[in-house]
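Here's a quick briefing to read alongside the sequence and the 3D view. Take a look at the model first, then work through the topics below.

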Amino acid sequence: MMNRHSCWIFFAAILLVSTLVSAGRVQAVETIHHSTLSSLAEEGDANAQWMMGQSFLNPGAAADDAAQAFRWFRRAADQGHPLAQRDLATLYELGRGVEKNLHEAFFWYSLASRQDSGRARLQRDGLTSSLSTDEQEAVLARVRTWRPTR
């Protein structure tokens with residue numbers, strides 16, 4: 001079994017090779033990359049989980065599946081991954097892959113902004129007019145007690 005550092009080196013090599021191979025071989029390289037990424041994500045690697053979520057939202061992806069993206073973002077966000085938290089919040093805000101919920105969007109944007117995500121902070125601040133002060137305070141109390149699962 002490869003350790004995580006070796007896997008990330010493997011991913012970098014796959015990405016490099018994928019840019020160098022002919023168009024007919026790119027699909028095979030992407031399949032290998034996705035398979036390895038999926039294995040890491042299933043093992044609980046938060047960055048791999050976030051990348052899996054991204055793979056379901058990419059415009060060029062075989063299937064734009066926001067519900068699958070939500071699933072992967074949630075797993076990574078629960079571990080404290082700030083980009084996954086931000087992207088999860090966006091899905092909640094838009095109601096994409098999950099029922100629209102501005103309280104949850106505000107919650108996840110707030111968590112991501114604690115880790116210096118400027119974009120999350122801007123998105124969170126944009127929601128303040130949609131929530132009352134009491135609603136914001138209730139969400140922020142939840143943010144203060146939140147801890148990652150890993």
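Let's start with a bit of vocabulary: a residue is buried when its relative accessible area is under 20%, exposed when it is over 50%, and partly exposed in between. Asp125, for instance, has a relative accessible area of 38%, so it counts as partly exposed. Keep in mind that what you're looking at is a predicted model.

**The big picture**

- The protein has 8 helices and 0 strands.
- Read from the N terminus, the elements go α-α-α-α-α-α-α-α.
- The protein has 150 residues, and 39% of them count as buried.
- The exposed surface comes to about 8,300 Å², with carbon and sulfur atoms supplying 55% of it.
- Take the contacts between residues at least 6 apart in sequence: 52% of them join residues at least 24 apart.

**The nonpolar core**

- Which residues touch the most other members of the largest nonpolar core? They are Phe73, Leu88, Phe107 and Trp108, out of 34 residues in that core.
- Helices 2, 3, 4, 5, 6, 7 and 8 each give two or more residues to this core.
- In sequence terms, helix 3 covers 46–55, helix 5 covers 82–94 and helix 6 covers 102–114. Further along come helix 7 at 118–127 and helix 8 at 133–145.
- Phe73 is a good one to click on: setting aside neighbours within four places in sequence, it is in contact with Trp50, Gly53, Gln54, Leu57, Ala84, Asp87, Leu88 and Leu91.

**Salt bridges**

- How many salt bridges does the structure hold? The count is 6.
- One of them joins the side chains of Glu42 and Arg75, at 3.7 Å from N to O. Glu42 belongs to helix 2 (residues 23–42) and Arg75 to helix 4 (residues 66–78), so this pair ties together parts that are 33 residues apart in sequence.
- Glu42 is partly exposed at 45% relative accessibility, and Arg75 is partly exposed too, at 27%.
- Glu42 and Arg75 also share a network of salt bridges with Arg71.
- Asp87, which you met among the contacts of Phe73, forms a salt bridge with Arg86, with the closest N and O atoms 3.0 Å apart.
- Are Asp87 and Arg86 buried or exposed? Asp87 is buried, with a relative accessible area of 7%, and Arg86 counts as buried at 11%.
- Back to Asp125: this residue forms a salt bridge with Arg124, and their closest N and O atoms are 2.9 Å apart. Asp125 is partly exposed, whereas Arg124 is buried, with a relative accessible area of 17%.

**Aromatic rings**

- The model has 3 aromatic pairs.
- Phe70 and Tyr92 make an edge-to-face pair, with 5.4 Å between centres and 90 degrees between the planes. The pair links distant parts of the chain, since Phe70 is in helix 4 and Tyr92 is in helix 5, 22 residues apart.
- Phe70 and Tyr92 are buried.
- Phe107 and Trp108 form another edge-to-face pair, at 5.0 Å centre to centre and 80 degrees between the planes. Both of these residues are buried.
- Trp146 comes into the story here as well: ring pairs link Phe107, Trp108 and Trp146 into a cluster.

**Charges over rings**

- What sits over the ring of Phe107? It's the charged end of Arg142, 3.6 Å from the ring centre.
- The charged end of Arg71 sits over the ring of Trp72, 4.4 Å from its centre. Arg71 is the residue you saw in the salt-bridge network with Glu42 and Arg75.

**A glycine in a loop**

- Where is Gly97? You'll find this residue in the loop between helix 5 and helix 6.
- Gly97 counts as partly exposed, at 36% relative accessibility.
- Gly97 and Phe70 are 27 residues apart in sequence, yet their C-alpha atoms are 6.1 Å apart in space.
- Leaving out neighbours within four places in sequence, Gly97 is in contact with Ala66, Ala67 and Phe70. Phe70 is also the ring that pairs with Tyr92.

Definitions and conventions
Residues numbered from 1 in each chain as written. Predicted model: local features only at pLDDT ≥ 70, side-chain atom pairs only at ≥ 80, totals over all residues. Heavy atoms only, no water. Helix = DSSP H or I, 4+ residues; strand = E, 2+ residues; numbered from the N terminus. Buried < 20%, exposed > 50% of the residue type's maximum accessible area, 1.4 Å probe, protein only. Contact = heavy atoms within 4.5 Å. Areas by Shrake-Rupley, 256 points an atom, 1.4 Å probe, with all protein chains shown as cover. Salt bridge = Lys/Arg side-chain N within 4 Å of Asp/Glu carboxyl O. Core = buried A, V, L, I, M, F, W, Y, C linked by side-chain atoms within 4.5 Å. Phe/Tyr/Trp six-rings, centres within 6.5 Å; stacked < 30°, edge-to-face > 60°. Lys NZ or Arg CZ within 6 Å of the ring centre and 35° of its normal.
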